[in-house]
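Subject: Structure handover

Dear colleague,

I am handing over the structure we spoke about, with the sequence alongside. Please open it first, and then read on for what was found in it.

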Amino acid sequence: MNKNPFLFDAHDLPRRPGEMREYELTIDTHEAMGFEVLSIAADEPIDIDLRIESVSEGILATATVRTQALGECGRCLDPVSYDIEESFQELYEYVEDPRQARKKSKAGKKKPAKSEEDEDLDEDLLRQMDGEMMDLDGPIRDAIILNLPINPLCSHGCAGLCPDCGVKRSELPADHEHAPSNIRWAGLENWEGPTGD
Ligand SMILES: [Zn+2]
Ligand SMILES: [Zn+2]
């Protein structure tokens with residue numbers, strides 16, 4: 001994907017403090033986000049209620065982001081879905097001369113590895129307009145990923161799997177347990193099943 005789907009063109013907003021515009025956006029295709037156990041698929045729509053306000057230094061973006069993450073329960077491995085609704089507010093500063101900004105960031109990439117961390121930090125703290133364009137990728141990604149549960153569960157009290165036979169505890173009788181010899185017999189029964197009887 002070459003084009004950044006999170007680039008927003010703010011040319012409709014007059015550069016006059018107090019001016020405001022509101023948008024409802026849906027991004028249908030984007031990079032997948034999240035972790036192995038819980039992620040937002042690349043074709044999962046992300047809905048964004050976006051308000052942009054003109055302030056003296058730039059444009060203030062206030063947004064609510066809604067989407068759905070899919071994954072599996074950390075205890076019983078059942079599929080789980082997780083509704084996401086997060087908000088953020090970011091100031092995008094005007095850049096006097098856009099060519100200047102681009103030069104700066106190019107120079108930054110050429111610097112030795114030692115200073116790369118500082119560059120990243122600066123980028124996080126300061127967002128800039130690229131002409132009329134606002135790159136909403138960072139704040140949207142942060143709002144979604146930083147709030148994803150790392151250990152998702154299908155239900156609050158999920159009892160997980162029996163460590164011996166791997167069957168879900170919710171589907172087993174309460175007194176289900178394995179005596180050491182039973183495990184061996186269980187295996188033997190399974191092996192003999194198809195040929196016998
Ligand atoms: Zn579960
Ligand atoms: Zn068991």
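In the pairing of β6 with β7, E72 has P79 in β7 as its bridge partner. The two strands run antiparallel to each other and are joined over 15 bridges. The hairpin that they form leaves six residues between the strands, and in it L77 takes a positive phi near 70°. That residue deserves a look when you reach the loop between β6 and β7, where L77 is found, since a positive phi near 70° occurs here in a residue other than glycine. L77 counts as partly exposed, because 15 other C-beta atoms lie within 10 Å of its own.

Before going further, please keep in mind that this is a predicted model. The pLDDT averages 84 over the chain, and 76% of the residues score at least 70. Confidence is highest in β5, at 98, and lowest in helix α1 (residues 98–110), where the mean is 49. Over residues 106–116 the pLDDT is below 50, and beyond near neighbours in sequence this stretch has two contacts in the model. I therefore leave that stretch out of the rest of this message, given that its pLDDT is below 50.

As for the overall layout, the chain has four helices and nine strands, and from the N terminus on its elements follow the order β-β-β-β-β-β-β-α-α-β-β-α-α. Of the 197 residues in the chain, 14% are buried. Among the contacts with a separation of 6 or more, 65% are made by residues 24 or more positions apart.

The strand pairing can be followed outward from β5. On one side, strand β2 (residues 20–27) pairs with β5 in the antiparallel sense over eight bridges, and in this pairing T26 stands opposite D47 of β5. β5 is also joined to β6 by eight bridges, with the two strands again running antiparallel, and a hairpin of three residues connects them. Within this second pairing, D49 stands opposite T64 in β6, while the bridge partner of D47 in β6 is R66. D47 thus has a place in both pairings, opposite T26 and with R66 as its partner in β6. β6 also meets β4, to which it is joined by two bridges in an antiparallel arrangement, and there L38 stands opposite G71 of β6.

Next to L38 in the sequence comes S39, which lies in strand β4. Is S39 buried, exposed or partly exposed? It has 18 C-beta neighbours inside 10 Å, and S39 therefore counts as partly exposed. Leaving aside neighbours within four places in sequence, S39 is in contact with A32, M33, G34, A69, L70 and G71. The C-alpha atoms of S39 and I145 are separated by 8.7 Å, although the two residues are 106 residues apart along the chain.

Which parts of the chain supply the largest nonpolar core? At least two residues come from each of β4 (38–40), β5 (46–54), β6 (58–72), β7 (79–93) and α3 (137–145), and β6 gives the most, with five residues. This core has 19 residues, and those with the most contacts inside it are I59, A61, V65, M134, I140 and I144. As a general point, nonpolar side chains tend to be buried together in soluble globular proteins.

The helix α3 is a good place to see how this core is covered. Its buried residues are P139, I140, A143 and I144. Seen down the axis of α3, they fall within an arc of 125°, so they line one face of the helix. What covers these buried residues includes β3 (33–34), β4, β5, β6 and β7. I144 shows this at the level of single residues: not counting residues up to four places away in sequence, it touches M33, I40, V65, T67, I84 and E86.

With best regards

Conventions:
Residues are numbered from 1 along each chain as its sequence is written. Chains are lettered from A and ligands numbered from 1 in the order in which they are written. This is a predicted model: local features need pLDDT of at least 70, side-chain atom pairs count only at pLDDT 80 or more; totals for chains, interfaces and linings use all residues. A nonpolar core is a set of buried Ala, Val, Leu, Ile, Met, Phe, Trp, Tyr and Cys residues joined through C-beta atoms within 7 Å. A residue is buried if 20 or more other C-beta atoms lie within 10 Å of its own, exposed if 12 or fewer, and partly exposed in between; C-beta atoms are placed from the backbone. Two residues are in contact if their C-beta atoms, placed from the backbone, lie within 7 Å. pLDDT is the predictor's confidence in each residue, from 0 to 100. Two strands pair if DSSP finds at least two bridges between them. The arc is that of the directions from the helix axis to the C-beta atoms.
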